[in-house]
Every structure is written in structure tokens, then in C-alpha cells.
Amino acid sequence: MKSYRIGVLTSGGDCPGLNAAIRAVVCAAGLLGWEVYGFIDGFEGLISPVRYQILHEEDTQGIISLGGTILGTTNRGRFTTKTGIGEVKRLPGHLIDEVKETLEGLGIGALICIGGDGSLTAAQQLYESGVPIVGVPKTIDNDLSATDYTFGFYSAVEYVCRSLDRLRTTAASHRRVMVVEVMGRYTGWIALYGGLSGGANLILIPEIPFEYSKIAYQVRKRIAEGNFQTMIVVAEGAHPKDGQYYVVEEGKSATAEIRLGGISRHLEKVIHLMTGQEVRAVILGHLQRGGEPTAFDRNLGMMFGAAAVGLVREKRFGYMVSYREGKIGAVLIQEAIRELKKVDVNCPEIKTARAMGISFGEE
Ligand SMILES: Nc1ncnc2c1ncn2[C@@H]1O[C@H](COP(=O)(O)OP(=O)(O)OP(=O)(O)O)[C@@H](O)[C@H]1O
Ligand SMILES: O=P(O)(O)OC[C@H]1O[C@](O)(CO)[C@@H](O)[C@@H]1O
Ligand SMILES: [Mg+2]
């Protein structure tokens with residue numbers, strides 16, 4: 001008798017912990033006697049030219065500690081559902097039909113989609129069209145609702161924290177202002193957690209629009225107090241009050257979301273002009289996304305992967321696994337993608353930062 005078959009794919013920006021999730025899916029499904037088809041390059045592998053790899057336990061040995069994804073991923077292509085903040089596009093019907101044909105042709109009974117907000121928006125649309133889908137949340141940005149954490153986030157935070165440690169010694173030696181730009185798209189999770197743990201003096205996040213004069217004031221105040229170096233962490237999506245996001249490519253592409261970036265270079269010029277200090281911008285970029293996952297992200301990836309197989313077993317399609325208050329559970333994918341999870345400006349990390357005199361550039 002043909003055994004039950006499931007598919008798994010990784011989609012959107014890669015992040016540490018994806019391989020741990022893939023291994024858990026393969027091991028948990030294998031114990032149930034199921035076959036696992038890993039689709040290559042996310043949703044792209046589901047349509048012509050269809051690409052997949054049958055995954056056995058031995059194919060996933062030793063990958064828990066490996067960054068990236070053995071299945072490949074993409075954040076541009078034929079499955080664009082998001083082009084800008086709050087803008088959602090419908091997937092064309094012919095694409096959905098092709099996905100269904102592929103799954104039916106291969107005898108696959110369920111598909112596990114490991115993705116961020118954009119990829120799970122596509123997954124939800126496929127589910128609404130009858131594709132049996134279970135979601136697994138991932139992204140370094142930690143911007144998915146209905147889960148406290150996504151794997152990849154703490155690995156990125158760890159990198160930001162260590163980078164600040166290194167940058168502080170050179171900033172102190174030269175009595176400079178360092179402006180360290182970190183990822184996170186429209187949310188400030190990485191900037192807040194990385195900045196606080198790395199001893200930043202100012203943290204600029206999209207949730208708290210800043211004022212240039214307040215940043216300059218903080219730099220001058222520090223100098224007056226005998227602190228000649230200032231560490232500023234800025235989220236790529238941070239912006240001044242009434243200001244625009246800084247984007248790498250002007251305009252929008254039909255096949256990808258806009259790329260944010262460049263705010264640190266702008267701040268470098270403005271802070272120098274306003275304070276006369278030497279300022280250096282450092283963009284941490286994809287160094288935050290590469291490399292090995294932290295132990296937390298490995299464990300979260302495995303807990304999510306194994307739980308996703310459990311949801312398939314229970315036929316709870318349209319659900320996404322989640323982590324809330326220390327427990328693994330399930331929520332509707334629809335609930336997770338309804339709106340971006342932004343930093344609560346009254347959260348303990350912000351309160352702690354304020355209590356310690358760390359500025360958010362608005363006072
Ligand atoms: N095959 C594809 N074709 C087009 N766009 C895609 C495809 N796969 C993923 N995307 C898009 O890539 C972007 C990133 O994916 P997702 O949100 O799942 O990951 P992420 O880790 O949160 O990264 P990001 O911060 O870039 O959103 C989303 O806008 C998503 O719609
Ligand atoms: O890999 P790309 O296309 O540069 O995408 C960068 C974006 O992806 C993310 O790293 C999330 O995966 C965002 O923080 C960032 O804005
Ligand atoms: Mg995203």
C-alpha cells in the first residue's frame with residue numbers, strides 16, 4: 001500500500017533554525033511511516049519546472065546546527081502576495097491550479113509551509129482554494145502575530161549584540177558616534193533586543209518615530225558628561241516623525257516586496273552636521289541572517305517542525321504552529337497574518353531601556 005505523503009517547503013528570507021525544523025518534520029513523519037517530499041526554492045518548486053527531493057532521516061543528519069535551508073528559498077518570484085506594508089495581492093488562479101495538480105500528481109496529502117508573514121499570506125490563499133496546508137512561522141524579524149517568537153530572531157539578536165561589543169571598542173578609541181543599522185523591516189524587534197543587550201545608548205525603531213534634534217541632544221549630552229563615544233542602533237524601518245522609510249530600490253517590483261535600507265548613512269551625515277562629531281554608519285545586513293542558529297532557535301525550530309506533523313495527523317489544515325507563554329499550540333494562519341506584530345511601546349524591554357536612560361530619539 002502506498003504510504004501517506006506530505007510536502008515541506010521553506011519560503012521567504014532564510015533564517016537560522018530552518019534546517020532544525022526540516023529535520024524535525026522528516027523525523028516525526030518518518031516515525032509515522034510517512035514519506036516527505038521537500039520542495040526546492042519554496043513555492044517555486046511546486047510549479048513548472050517542478051523540483052523536489054524525497055527526504056529520509058539520513059538526509060537530515062547533522063543539519064540542526066547548519067544555517068540557511070537545505071531546500072533553498074526565495075523572497076521573489078511568481079508567488080508575490082505582498083508588495084508594501086498592508087498591501088496584499090491575490091495569487092492568480094492558474095498558479096493555484098498548478099500547485100494543486102502537482103500535489104495531486106505526486107499523491108501528496110498535506111503541505112507544510114515554513115515561512116514569514118508574506119509566505120504565510122500565500123499559504124492562506126492556497127488553503128482557501130482547497131490546498132491542505134499547515135504553517136510554521138519563521139523570520140528573523142519576529143513580526144508574525146499569534147506567536148511570541150519565530151526561530152531565527154534570537155540568532156539575529158545574538159549577532160547584533162556581539163557586533164555592538166566589537167564596535168564599541170573602536171568607537172571608544174576614536175571618540176566616535178557609531179550608527180548600526182539592523183534588519184527588521186517594519187518592526188523594531190531586532191533593534192530593541194539587540195540594542196538593549198549590546199549596550200546601545202540610543203535605539204531607533206519604527207514604532208517610535210524619532211526627531212533629529214533629540215538624537216543630537218543625546219550625543220551632546222553624553223559628551224558634556226564625559227562620554228565621548230555613542231552607540232546608536234537603528235532599525236532599517238525607523239523613520240523621523242512624518243518621515244518616509246528609506247528604501248534601497250525606489251519604486252515597487254511586481255515580483256517582490258520593497259527593500260528597506262540606508263537610514264544609517266543618512267543619519268551619519270545629519271548627526272555629523274548637527275554635532276560636529278565623527279560618525280560612522282555600519283550596516284550589519286545579511287550577516288544577521290546567516291550562520292548557525294542559537295540553541296533556542298534550534299529547539300524552537302524542532303518543536304515547530306514536530307508539532308506541524310502533529311497538526312497534519314489531526315488534519316487541522318489552515319492552522320499554524322505557535323509558541324505562546326512557553327507552550328506550543330496552534331492558531332489559524334489567518335490570525336497570524338492579519339496584522340504585523342509590532343513592538344509594544346510599553347513592553348518590559350522598552351521600560352527597562354528608558355529606566356536606564358537609553359533614548360529612543362523622541363525625548
Ligand atoms: N515564490 C515567491 N515569489 C514571490 N514572492 C515570494 C515568494 N516566496 C516568498 N515571497 C515573498 O518574499 C517576502 C519574504 O517572505 P516572508 O515574509 O515569508 O519571509 P520573512 O522572513 O518574513 O522575510 P521578509 O522580511 O523579507 O518579509 C514576502 O513578501 C513573500 O510574499
Ligand atoms: O534577502 P533580502 O531580499 O535582502 O531581504 C531583506 C529582508 O528580509 C529580512 O531579512 C527578513 O527575512 C528583513 O529583515 C529584510 O528587510
Ligand atoms: Mg516577512
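**Entry 1: ligand 1**

For this entry I count Ala, Val, Leu, Ile, Met, Phe, Trp, Tyr, Cys and Pro as nonpolar, Asp, Glu, Lys and Arg as charged, and the others, Gly among them, as polar. With that settled, I turned to ligand 1 in this predicted model. Its shell splits into 15 polar, eight charged and four nonpolar residues. I then looked up which of the 27 residues around ligand 1 come nearest, and found Gly12, Gly77, Gly116, Gly118 and Ser119. Helix H3 (residues 117-128) gives the largest share of this shell, with four residues. I also checked the domains: domain 1 (5-151 + 291-336) and domain 2 (157-289 + 344-355) each supply at least three residues to the shell around ligand 1.

**Entry 2: ligand 2**

Next I listed the surroundings of ligand 2. I found Gly13, Asn75, Thr139, Ile140, Asp141, Met183, Gly184, Arg185, Glu236, Arg259, Leu260 and Arg289. I sorted this shell too, and got five charged, four polar and three nonpolar residues. Where does ligand 2 lie with respect to domain 1 and domain 2? Ligand 2 lies between them, because both domain 1 (5-151 + 291-336) and domain 2 (157-289 + 344-355) contribute residues to its shell.

**Entry 3: the seven-stranded sheet**

I traced an open sheet of seven strands and wrote down the order S3-S2-S1-S6-S7-S12-S13, with mixed pairing. At the edges I found S3 and strand S13 (327-332), each with a single partner strand, so one side of each has no neighbour in the sheet. Ignoring direction, I get an average turn of 25° between neighbouring strands of this sheet.

I then went through some of the pairs. Strand S1 (residues 5-10) runs parallel to S2, and I noted four bridges between them. One match to look for is Ile6, whose bridge partner in S2 is Val36. Following the chain from S1, I passed through helix H1 (residues 18-31) and came to S2; this β-α-β crossover is right-handed.

S1 also pairs with strand S6 (residues 110-115), in the parallel sense and over five bridges. Here I picked out Val8, which has Ile112 as its bridge partner in S6.

On to strand S3 (residues 52-55): S2 and S3 run antiparallel and are joined by four bridges. Gly38 has Gln53 in S3 as its bridge partner.

Is strand S2 largely enclosed or left open by the rest of the structure? I call S2 (residues 35-39) largely enclosed, because four of its five residues are buried.

**Entry 4: the four-stranded sheet**

I found an open sheet of four strands as well, in the order S9-S10-S8-S11 and with parallel pairing. Strand S9 (202-204) and strand S11 (279-283) are at its edges with a single partner strand each, so one side of each is left without a neighbour in the sheet. For the twist I noted an average of 20° from one strand to the next. Looking at S9, I saw that it pairs with strand S10 (residues 230-235) in the parallel sense over three bridges. Ile203 stands opposite Val233 in S10.

**Entry 5: Gln125**

Last, I went back to helix H3, where Gln125 is found. Is Gln125 buried or exposed? I counted 20 other C-beta atoms within 10 Å, and the cut-off for buried is 20 or more, so Gln125 counts as buried. I also checked Gln125 against Ser3: they are 122 residues apart along the chain, and their C-alpha atoms are separated by 28 Å.

Definitions and conventions: Residues are numbered from 1 along each chain as its sequence is written. Chains are lettered from A and ligands numbered from 1 in the order in which they are written. This is a predicted model: local features need pLDDT of at least 70, side-chain atom pairs count only at pLDDT 80 or more; totals for chains, interfaces and linings use all residues. A residue is near a molecule or strand if its C-beta atom, placed from the backbone, lies within 6 Å of it. Domain bounds come from an automatic or database domain assignment. A residue is buried if 20 or more other C-beta atoms lie within 10 Å of its own, exposed if 12 or fewer, and partly exposed in between; C-beta atoms are placed from the backbone. Helices (H or I, at least four residues) and strands (E, at least two) are DSSP runs, numbered from the N terminus. Two strands pair if DSSP finds at least two bridges between them. A crossover is right-handed if, with the strands pointing away from the viewer, the path from the first strand over the helix to the second runs clockwise. Axes are lines fitted to C-alpha atoms, for helices over the stretch in contact, and angles run from 0 to 180 degrees between N-to-C directions.
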